[in-house]
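Trainee: I am new to this structure and would like a close look at a single part of it, the open sheet. Could you walk me through that part and then show me how the rest fits around it?

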Amino acid sequence: MKKIYITGPHKVEIKEVPTPTPGPGELLIKTELSGISAGTEMMLYQGTFPNFELKKWPQWTDYPVCPGYELVGTVVAIGEEVKGEVNMSQLDSLQPKSATLMNKASDFKVGDRVVCLGEHAEYACLPAEFVTKVPDNVSSEDATLAVLGTTSTHCLHRADIDFGDTVAIIGAGVLGYLATQQLKVGGASRVIVIDMDESRLDIVKKAGADVVLNPTKCDIVEEIMKVNNGILADVVIEASGARGTEQTALDIVRDRGKVVILGWHTSPMNFQFGDFYFKEVTLLATRAGGPEAGLPYAYVRWTTDQSLNNSIKLISEGKVTGKYFEPSVFDYTDIEKVYEMISNRDPKIGMQAMLKW
């Protein structure tokens, strides 16, 4: 099968590798579409991904790396089912219940259309907990959004949004776009989105943002107070990863409000300590899709698999949709050209680029 590798900064290859065989609890999926993350993948492609030093993500510790984690395809083989259950007497250990997870493969059948955390390749072989079925009423293009929708879902759970909150989002990329729609479902009374790209602001406005602000054209502190009864944002979600936005987040959050870092920052974060201190701001990080699958619900309700299932459910119900922008779809053989276009911010690339297999 064909598989994409980033072999070094600005170097990408398509290699022929053996098609994997699914083991116990695993699914083999033939790829239809795979979405490109303009954040994480560009860091890998440009050589700015900090984990080559931090070693936090075991699959991306050094080149060559296999990028991608937004895949839609069809189940073509299922690994052996695991019989029996594990001992559930040690729930306090918070360890994954591996046998229970492996039995999830029996929830699928050959021919199911699914979305999963698969890499850019002709086939993906994954544990069933990283996979969820795509309802018939959901297009494959919209289904690819479910994975990043899981990331924004975890962010909203971390933020612990109260009913009626005013939430400001910095960054109108895919994550900001998805978070905007999820916030409207989740009880926020007002969603304010901040970005310097007018075309993206137009898109998130259509998707449900109550207010959109371009910081190059207005004083965003004054504008937020004007539309929010003299109060700054209850919660600020930093969804861009851009340098300097951490200080912007502190500028626009109210006293004792919350700042949630959703975007990945490749450089040290800097902000005025006095702004953080005197406002008594709660600063939160949000890690990808959240806690691993298999943790006891009594302790961890929203594990990654639960959030993925909920993400595709919201898309199926029309509460989250990609209809407000047109994805840029390319043949997977064009990956080198596509990466360069994204890296150079080519206007021909829309909000989301996808590879067709």
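Mentor: Happy to. One definition first, as we will lean on it: a residue is buried when its relative accessible area is under 20%, exposed when that area is over 50%, and partly exposed in between. Please also keep in mind that this is a predicted model.

Let's go to the sheet you asked about. It is an open sheet of six strands, paired in parallel and ordered β10-β9-β8-β11-β12-β13. At its edges are β10, residues 211–213, and β13, residues 282–285, each of which pairs on one side only. From one strand to the next, the twist averages 20 degrees. As general background, strands of a sheet pair through backbone hydrogen bonds, and the pairing can be parallel or antiparallel.

Now zoom in on one pair inside that sheet. Strand β8 covers residues 166–170 and strand β11 covers residues 233–238; four bridges join them in the parallel sense. One spot to find on screen is alanine 168, whose bridge partner in β11 is valine 236.

Helices lie across these strands too. Helix α7, residues 198–206, lies across β9 (190–194) and β10, and runs at about 170 degrees to β10. Helix α8, residues 220–227, lies across β9, β10 and β11, with an angle of about 165 degrees to β9.

For a contrast in pairing, turn to the start of the chain. Strand β1 (residues 2–8) and strand β2 (residues 11–16) are joined by six bridges in the antiparallel sense. Glycine 8 has lysine 11 in β2 as its bridge partner. The two strands form a hairpin with two residues between them, and histidine 10 takes a positive phi near 65 degrees there. Five of the seven residues of β1 are buried, so this strand is largely enclosed by the rest of the structure.

What about the cysteines? The structure holds zero disulfides. In general terms, a disulfide is a covalent bond between the sulfur atoms of two cysteines. For cysteine 125, the closest cysteine sulfur belongs to cysteine 116 and is 10 Å away, which is too far for a bond; the cut-off for a disulfide is 2.5 Å between the sulfurs. Here our opening definition comes in: cysteine 125 has 23% relative accessibility, so it counts as partly exposed. Cysteine 218, with a relative accessible area of 24%, is partly exposed as well.

Another residue to visit is glutamate 317, in the loop between α11 (304–316) and β14 (328–331). Its relative accessible area is 39%, so glutamate 317 is partly exposed. Valine 138 is 179 residues from glutamate 317 in sequence, yet their C-alpha atoms are 9.1 Å apart in space.

Finally, step back to the whole chain. It has twelve helices and 15 strands, and its C-alpha atoms fill a box of roughly 60 × 50 × 40 Å along the principal axes. A compact globule of 357 residues would have a radius of gyration near 21 Å, and the chain agrees because its own value is 21 Å. Buried residues make up 52% of the 357 residues. Of the contacts between residues at least 6 apart in sequence, 68% join residues at least 24 apart. The chain exposes about 16,500 Å², with carbon and sulfur atoms supplying 51% of that area.

Key. Residues numbered from 1 in each chain as written. Predicted model: local features only at pLDDT ≥ 70, side-chain atom pairs only at ≥ 80, totals over all residues. Heavy atoms only, no water. Buried < 20%, exposed > 50% of the residue type's maximum accessible area, 1.4 Å probe, protein only. Pairing = 2+ DSSP bridges. Axes fitted to C-alpha atoms, helices over the stretch in contact; angles between N-to-C directions. Contact = heavy atoms within 4.5 Å. Rg over C-alpha atoms; globule rule 2.2 N^0.38 Å. Areas by Shrake-Rupley, 256 points an atom, 1.4 Å probe, with all protein chains shown as cover.
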